[in-house]
Amino acid sequence: MNRGKRVGLSVAGVLVGLTAWAFVAERGVVRAQDAAALGFAPVMPLHSLMIEQDLHFENIRHWIRTSDDPERFVKLRHEALALAEMGNINGFHAKAADHADYRQWAAELKTLGMALAGHAEKQDLDAAKESAKTINATCKACHEKYQ
Ligand code: HEC
């Protein structure tokens, strides 16, 4: 291949890459494999991440119990999404790279947090309570092996 063609192809490659990035950035969602390809790495030490998860889970339990705040379900949804994001980030920590079960539990926390956010949006308290129980079991499962 001549030099002109090679340069043309690299420029095309960069353009395709930028378009793909603009697409995911616009939707505000970057899939795990894209994030890894973009060199994503958590900046929070694992210990701080866990303190943060604990706070969000505590707030989730609070908003499940507290019924007299008109913003209750909005706040519950935000807390659930924040916890889901922590699970998402945890999937990139050092332990996650080496252990499939660790990645699995971190991913579970993300999925369960997102499901809980959906229940909050629908103001379905019973489903929210069930999600909180399953989340608690996921925290425990990972801690039994890795904490
Ligand atoms: C995928 C694995 C995993 C999941 C899921 C997980 N943790 Fe952890 N957690 C850890 C590890 C590993 C540690 C020990 C880290 C350290 O202290 O450096 C830890 C430690 C902790 C600590 C102790 C921090 C301290 O002060 O020593 C708390 C609190 C905590 N996790 C809360 C939670 C909560 C709440 C959840 C669920 C909502 C959760 N974790 C889910 C892996 C996990």
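**Figure 1. The pairing of helices α3 and α4 in the predicted model.** In this predicted model, the axes of α3 and α4 cross at roughly 155° and come within 9 Å, and the two helices are therefore roughly antiparallel to each other, since angles over 145 degrees are counted in that way. The crossing in which α3 passes α4 is left-handed. On the α3 side the contact is made by L49, E52, Q53, H56, F57, N59, I60, W63 and I64, which meet R72, K75, L76, E79, A80, A82, L83, M86, I89 and N90 in α4. Sorted by class, the residues of this contact of α3 with α4 comprise 11 nonpolar, four polar and four charged.

**Figure 2. Close-up of Q53 in helix α3.** Q53 belongs to helix α3, and it is buried because 20 other C-beta atoms lie within 10 Å, where 20 or more are required for that label. When neighbours within four places in sequence are left aside, the residues in contact with Q53 are L83 and M86, and both of these appear in the list of α4 residues that meet α3. Q53 can also be related to E79, from which it is separated by 26 residues in sequence and by 9.7 Å in space, taken from C-alpha to C-alpha.

**Figure 3. Close-up of L83 in helix α4.** L83 is placed in helix α4, which covers residues 72-90, and it counts as buried because it has 27 C-beta neighbours inside 10 Å. Once the neighbours within four places in sequence are set aside, L83 is in contact with Q53, H56, F57, I60, L109 and G113. Of these partners, Q53, H56, F57 and I60 are listed in α3 where that helix meets α4, whereas L109 and G113 are listed for α6 in its contact with α4. The C-alpha atom of L83 is separated by 8.2 Å from that of E52, although the two residues stand 31 residues apart along the chain.

**Figure 4. The packing of helix α4 against helix α6.** Helix α6, which spans residues 100-121, packs with α4 at an angle of about 165°, and the two axes are 7 Å apart. That angle makes α4 roughly antiparallel to α6, and the crossing in which α4 passes α6 is left-handed. From α4 the contact draws on F73, L76, R77, A80, L81, L83, A84, G87, N88 and N90, while from α6 it draws on A106, L109, K110, G113, M114, L116, A117, A120 and E121. In terms of class, the contact of α4 with α6 is made up of 12 nonpolar, four polar and three charged residues.

**Figure 5. The packing of helix α3 against helix α7.** The axes of α3 and α7 cross at roughly 155° and come within 11 Å, which makes α3 roughly antiparallel to α7. This crossing of α3 and α7 is left-handed. The residues that meet here are F57, I60, R61 and I64 in α3 and A128, K129, A132 and I135 in α7, and by class they divide into six nonpolar, no polar and two charged. F57, I60 and I64 are also among the α3 residues that meet α4.

**Figure 6. The residue shell around the ligand.** The ligand has 21 residues around it, of which M50, D54, W105, C139 and C142 come nearest. Two or more residues are given to this shell by each of α3 (46-65), α4, α6 and α7 (125-146), and α3 gives the most, with seven residues. By class, the shell around the ligand consists of 13 nonpolar, six polar and two charged residues.

**Figure 7. Q123 in the loop between α6 and α7.** Most residues other than glycine have a negative phi. Q123, by contrast, has a positive phi near 55° although it is a residue other than glycine, and its place is in the loop between α6 and α7. With 13 other C-beta atoms within 10 Å, Q123 is partly exposed, because this label applies between the limit of 12 or fewer for exposed residues and that of 20 or more for buried ones.

**Figure 8. The chain as a setting for the close-ups.** The chain contains seven helices and zero strands. Of its 147 residues, 22% are buried. Among contacts in the chain with a separation of 6 or more, 56% are accounted for by residues 24 or more positions apart.

Conventions. Residues numbered from 1 in each chain as written. Predicted model: local features only at pLDDT ≥ 70, side-chain atom pairs only at ≥ 80, totals over all residues. Helix = DSSP H or I, 4+ residues; strand = E, 2+ residues; numbered from the N terminus. Contact = placed C-beta atoms within 7 Å. Axes fitted to C-alpha atoms, helices over the stretch in contact; angles between N-to-C directions. Parallel < 35°, antiparallel > 145°, perpendicular 65-115°, else oblique. Left-handed = near helix turned anticlockwise from the far one by under 90°. Nonpolar A, V, L, I, M, F, W, Y, C, P; charged D, E, K, R; others polar. Near = placed C-beta within 6 Å.
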